[in-house]
Amino acid sequence: MVNVRAAIGVDLGGTSIKYGLITEEGKLLKKISKPTGKSRGELRILKDIAEEIGRIQKEFTKKKGFVIGAGIGIPGPVLKDGYVENCVNLNFQNINPQEILEAMLGKMPIAVGNDANVAALGEMWQGSGRGFDSILIVTLGTGVGGGVVQERQIVYGSRGLAGELGHVVVKPDEKELCNCGKRGCLDQIASATGIVRMTERILRFTSAPSVLRDKPRLDAKMIVHAAKTGDALAYLSLYYCMSFLGKCLAEAGCILDPQVFVIGGGVSQAGSFLTDMIQRHYENNLSLTKRKTPIIPAQLGNDAGIYGAAKMIITQEKERMEKENAVRGESGILWRNSGTGDRSSRVSGGLK
């Protein structure tokens, strides 16, 4: 363990916070999960995160390892400087978690990004996105997240909204409100929560037989399993929900044109059964090209976020070190060349 350098990746969700200690080479050394407790407020959540990061760092330091920093994925739009204007799933508003955590952790380097963007980076680094330069990932969990990586870099957008597919309106006639205040967002239909909601509607308004009628409480995993094992009502519900996602990806493809779409989050554990369904709807809605973009399941599952968050801070610190070394190198050249003929005059002249 001596001289091993690692980063802490944090995936902040509405239900749980996942932490991973990951080496610069991508080896997962430690993984833990804690409840979010979002009702306690944003500062309490950030304090919990800071305390857990501190514990992981202290334990790793005892083993002679070195923590270079921590990356955090947050379920909402995040600007490049870490500022969060509005995160509806956690009720974070007008706050900069990056600055707050750096202050709490004694200036430990911190990087903050949208959770789906971070998951996309993780999949590109150690998952199904390896070998690609541009991917669009959709995470199907409590909500629908979207993340974009182009030329192997996270795309933030000018207001942190790049990739926010979850709040694209796909069903304008929807009666219920989304958490964001609109109606008919993809988040309301294709997320794990949305799949349950739509299935409950079908059960309530039809008398079709289904194994799901015997269940006191439904979850998305149960519905997907029923669909895979031949339950017609469950299959119809899932197929309906994924039709909106497939259409949304076709429209996103006309704007971003990624090399591959990656489906992550808890629902993606259904594997090719789910992605094949989405692929059919995507292809039915895209007519401009015969070469359709493949839609594949994520490989890292729920760990994509911690991998991507770790990679974000690893890259940030690598770039910072390269800049510092370049400045030191230039300073050395200037010092050695001072007072030596025309070349030194040109160099020193450029500094004036």
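Three bridges join strand 5 (residues 84–87) to strand 6 (residues 92–95), and the two strands run antiparallel; strands here are DSSP runs of E of at least two residues, helices are runs of H or I of at least four residues, both numbered from the N terminus, and two strands pair if DSSP finds at least two bridges between them. Within this ladder N86 stands opposite Q93 of strand 6, and in the hairpin, which has 4 residues between the strands, N91 takes a positive phi near 60°. The model is a predicted one, in which local features need pLDDT of at least 70 and side-chain atom pairs count only at pLDDT 80 or more, whereas totals for chains, interfaces and linings use all residues. Residues are numbered from 1 along each chain as its sequence is written, and side-chain values use heavy atoms, with hydrogens and water left out.

The secondary structure of the chain comes to 10 helices and 12 strands, and the C-alpha trace spans about 90 × 50 × 35 Å along its principal axes. Of the 352 residues, 50% count as buried, a residue being buried under 20% relative accessible area, exposed over 50% and partly exposed in between (1.4 Å probe, protein chains only). Among the contacts with a separation of 6 or more, 61% are accounted for by residues 24 or more positions apart, where contact means heavy atoms within 4.5 Å.

One open sheet of 5 strands has the order 3-2-1-4-7, with mixed pairing. Its edges are formed by strand 3 (28–35) and strand 7 (110–114), each of which pairs on one side only, and neighbouring strands are turned by 20° against each other on average, direction ignored; axes are lines fitted to C-alpha atoms, for helices over the stretch in contact, and angles run from 0 to 180 degrees between N-to-C directions. Strand 1 (residues 5–12) pairs with strand 4 (residues 66–74) in the parallel sense over 6 bridges, and G9 stands opposite G71 in strand 4. Strand 2 and strand 3, by contrast, run antiparallel and are joined by 7 bridges, with K34 of strand 3 as the bridge partner of I17. The hairpin formed by these two strands has 4 residues between them, and G26 in the turn has a positive phi of about 100°. Helix 2 (residues 97–104) lies across strand 4 and strand 7, running at about 155° to strand 7, while helix 3 (residues 115–126) lies across strand 1, strand 2 (16–23), strand 4 and strand 7, at about 105° to strand 7.

Another open sheet of 5 strands has the order 10-9-8-11-12, again with mixed pairing, and its edge strands, each pairing on one side only, are strand 10 (153–154) and strand 12 (295–297). Strand 8 and strand 9 run antiparallel and are joined by 6 bridges, with L136 standing opposite V148 in strand 9. Helix 7 packs on this sheet, touching strand 8, strand 9, strand 11 and strand 12, and its direction makes about 155° with that of strand 8. Helix 8 also packs on the sheet, where it touches strand 8, strand 11 and strand 12 and makes about 165° with the direction of strand 12.

Helix 7 has 25 residues and reaches 35 Å from its first C-alpha to its last, close to the 36 Å expected at 1.5 Å a residue, the expected span being 1.5 Å times one less than the number of residues. At the start of helix 7 a side-chain oxygen of D231 reaches to within 3.3 Å of the backbone nitrogen of L233, and just after the helix D257 takes a positive phi of about 50°.

The largest nonpolar core has 44 residues, and those with the most contacts inside it are V138, L140, L186, M242, L245, L249 and L274; such a core is a set of buried Ala, Val, Leu, Ile, Met, Phe, Trp, Tyr and Cys residues joined through side-chain atoms within 4.5 Å. Its largest share, 11 residues, comes from helix 7. Apart from this core lies another, of 30 residues, among them L21, V67, I74 and V78. V267, found in the loop between strand 11 and helix 8, counts as buried because its relative accessibility is 6%. Leaving aside neighbours within four places in sequence, V267 is in contact with L140, A192, I195, A220, V224 and L274.

Note on methods: Polar contact = N/O pair within 3.5 Å; in protein donor to acceptor, adjacent residues only side chain to side chain.
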